[in-house]
Amino acid sequence: MSLPSASPAQAAPGPSFTNPVVNVPNSADPTLVFHGGFYYYVATTWSSDVVMRRSTTVAGLRNAPEQVVFRTAGTAMWAPHLEMIGDRWYLYYSVEQSGGPRRTHALESAGTDPLGPYTDRGIIHLMPDNGWAIDASPLRLNGALYMTYSAFSPQDGLQSLYIAPLSNPWTAGAHGTRISAPTLAWERQDGAVNEGSFALQRNGRTFLTYSASHCNGPHYKLGMLEYSGGDPLATASWAKSPQPIFQRNDAAGVFGPGHHSFFTSPDGSETWIAYHANSSASQGCGTTRTTRVQKISWNADGTPNLGTPVSTSTVLQGPSGEAGAAPAPVALRNRHSGLCLDDYDWATTPGAEVRQWTCNGAAVQNWTLTPTENGYYRIRNGHSGLCLDNKDFATAPGSVVQQWTCNGATVQQWRPVPVGEGYSTLVNRHSGLCLDNYNWGTAPGAEVRQWTCNNNNAQRWSIT
Ligand code: AHR
C-alpha cells in the first residue's frame, strides 16, 4: 500500500450515493456500524431471522447480499441493535413469542466477527411481570453499562423511554425506570410514543436521542434528552429538549423520519445518522420505510445538529476515509489532561517523541486513522508522516510510545474501544496495553506511555 505524501492527507470522501441506501422490505429501524474496513447493517425483518449486510462503502450497501446471522424462536423480528461491548458483538432485538408479549432478546458473538456465529443469551428481563419491551439500545455512562428501551408505563399506559442497569451485556440488574414519557404535543401526533432510543456521546456529554409520535404517520420524528449528572436511573437526571431535533421535510418528500442510529466514518472524523423514512405522508409503520443516511454536524454549544432529512434525489459524498480514500485528520485529546497528542518539537525522524500539548489544531496534532483489520487502525501524524508506534515491540506497563516509519506492523496498530461519553481507550495490538497519560500529567509536554488498560481518565481519548 503506497503511503500518502508526507503532507497531511487531504480528506477524501467515499463514493457518492443517493438515498435510500437500503430498499424495502428489510429497511426499517436500521443500525449501521463500521468495523475493520466494513460497514455492518441490520434492520427489522418481520420474519424470525436476524439478517446482516456488509459493505466497504455506504454506496455498496444497496446491493450487498443479506446474510442470516441468527434464526430466532419468535416472529416479526423488530429493530435489531448491533454493538461491540468489550471484545464481543451483541445483537439486541424484539420478537413476538407464543403465549406472551413481545420481549427483548440478546445474542453474543463467539468472536470479534460481527457476522457471528452468535450464542442466544435469552430474554433480558427489563420490565416487571415479564412485560413488553422493545428497541433495546445500550448506554455506557460513568463506567457502568445500562440498557435504554421502550415500554408501556404501568402508571399511565404511555409508551415511554426506560433505562435499566445491566450486570452484564445480557442481564438486567433491576427492572427499568422511566426517564421520558410522550407528554409534549410533538410527541403525541398519531399516537403518544417514545421509542427507538440511541445514545450519542461527545466530549463527556451524553445525549439520548429517540423517536417520538407514532410510526404509523408522517409526524414520526426525533427528540433528545441530555444527561445532566446524578443517577442515570433517575428521571431528574435527564433534560428533554423542548423541540424535536429531526423531522419531516415535505419539500424533500421525506415523511416520518426516525428510529435511527449513529455511526462514525471509517477515519473517525465524521458522525453520520442512519434512519428510516417514508416517501409519502400516507405511509406508516409497514414495509415501506427505507433506510437513509446523512452526515450530522455539531452546534457551537456542543449539541448535535442533525439538520433536515434530504431528498432521495440529493447526491451525497460518502463518509470520509472509505475504501482507501484519504482519511481526514482528527485530534486525540486526553480526558484527564485536556491536552492533545502531539508530535513533540515538530520532529520528523523515526524515533520522534510523542507527548501531550495544549490543543492548537497544528499539523503536529493532526492524526489520521486508517483501518487495518479487525477494528485496528494505523495512526499517522500529519506533520511527521510517521506512525504511532510501540517502541521495540515492548509489552511491559510503562513502555515507550514513539513515532516510526509506517510499516503496518502490529506495534503500529491501535484499536479504539468506546468507553462512553465520547471517549475511547486506544489498545496496542502487540502489547495489549493502552495509550496512557503517564503519571497523570497535566502540563504541556506531559509524557505518553503504554500502561495496563484500566479505563481510567488517563487512558480515555476523544477522537474528534
Ligand atoms: O418497526 C418495528 C417497530 O416499529 C420498532 O421496534 C419501533 O421502533 C417502531 O415503532
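**Around T75, the ligand and the loops**

Student: Which residues does T75 touch, not counting residues up to four places away in sequence?
Tutor: Contact means heavy atoms within 4.5 Å. Skip the residues up to four places away in sequence, and T75 touches S47, S48, V95, E96 and R102.

Student: What kind of model is this?
Tutor: Residues are numbered from 1 along each chain as its sequence is written, and side-chain values use heavy atoms, leaving out hydrogens and water. Local features need pLDDT of at least 70, side-chain atom pairs count only at pLDDT 80 or more, and totals for chains, interfaces and linings use all residues, since the model is predicted.

Student: Is T75 buried, exposed or partly exposed?
Tutor: T75 lies in strand β6, residues 75–85; a strand is a DSSP run of E, at least two residues, numbered from the N terminus. Buried means under 20% relative accessible area, exposed over 50%, and partly exposed in between, with a 1.4 Å probe and protein chains only. T75 comes out at 44%, so it counts as partly exposed.

Student: How far apart are the C-alpha atoms of T75 and S265?
Tutor: Along the chain, these two are 190 residues apart. In space, their C-alpha atoms are separated by 33 Å.

Student: Which strands stand at the edges of the sheet with β19, β20 and β21?
Tutor: This is an open sheet of 3 strands in the order β19-β20-β21, with antiparallel pairing; strands pair if DSSP finds at least two bridges between them. Each edge strand has a single partner, so one side is left without a neighbour in the sheet. The edge strands are β19 (255–264) and β21 (290–295).

Student: Which residue in β21 does A277 stand opposite?
Tutor: Strand β20 covers residues 271–278 and pairs with β21 in the antiparallel sense over 6 bridges. Opposite A277 in β21 stands T290.

Student: What distance separates an oxygen atom of the ligand from an N or O atom in the side chain of H259?
Tutor: The residues around the ligand, with a heavy atom within 4 Å of it, include D29, W78, C215 and H259. A polar contact is a pair of N or O atoms within 3.5 Å. A ligand oxygen is 2.6 Å from such an atom in the side chain of D135 and 2.5 Å from one in E195. For H259, the distance is 2.7 Å.

Student: Which elements give two or more residues to the shell around the ligand?
Tutor: On its own the ligand has 280 Å² of accessible area (Shrake-Rupley method, 1.4 Å probe), and the protein covers 96% of that. The elements giving two or more residues to the shell are β6 and β10 (134–141).

Student: Which residue does a cis peptide bond join to G116?
Tutor: Most peptide bonds are trans. V24 and P25 are joined by a cis one, with omega about 10°. The bond from G116 is also cis, with omega about 10°, and its partner lies in the loop between β8 (100–109) and β9 (118–123). That partner is P117.

Student: What is phi of N374?
Tutor: Most residues other than glycine have a negative phi. N374 lies in the loop between β29 (367–371) and β30 (377–381), and is partly exposed at 34%. Its phi is positive, near 55°.

Key: Helix = DSSP H or I, 4+ residues; strand = E, 2+ residues; numbered from the N terminus. Polar contact = N/O pair within 3.5 Å; in protein donor to acceptor, adjacent residues only side chain to side chain.
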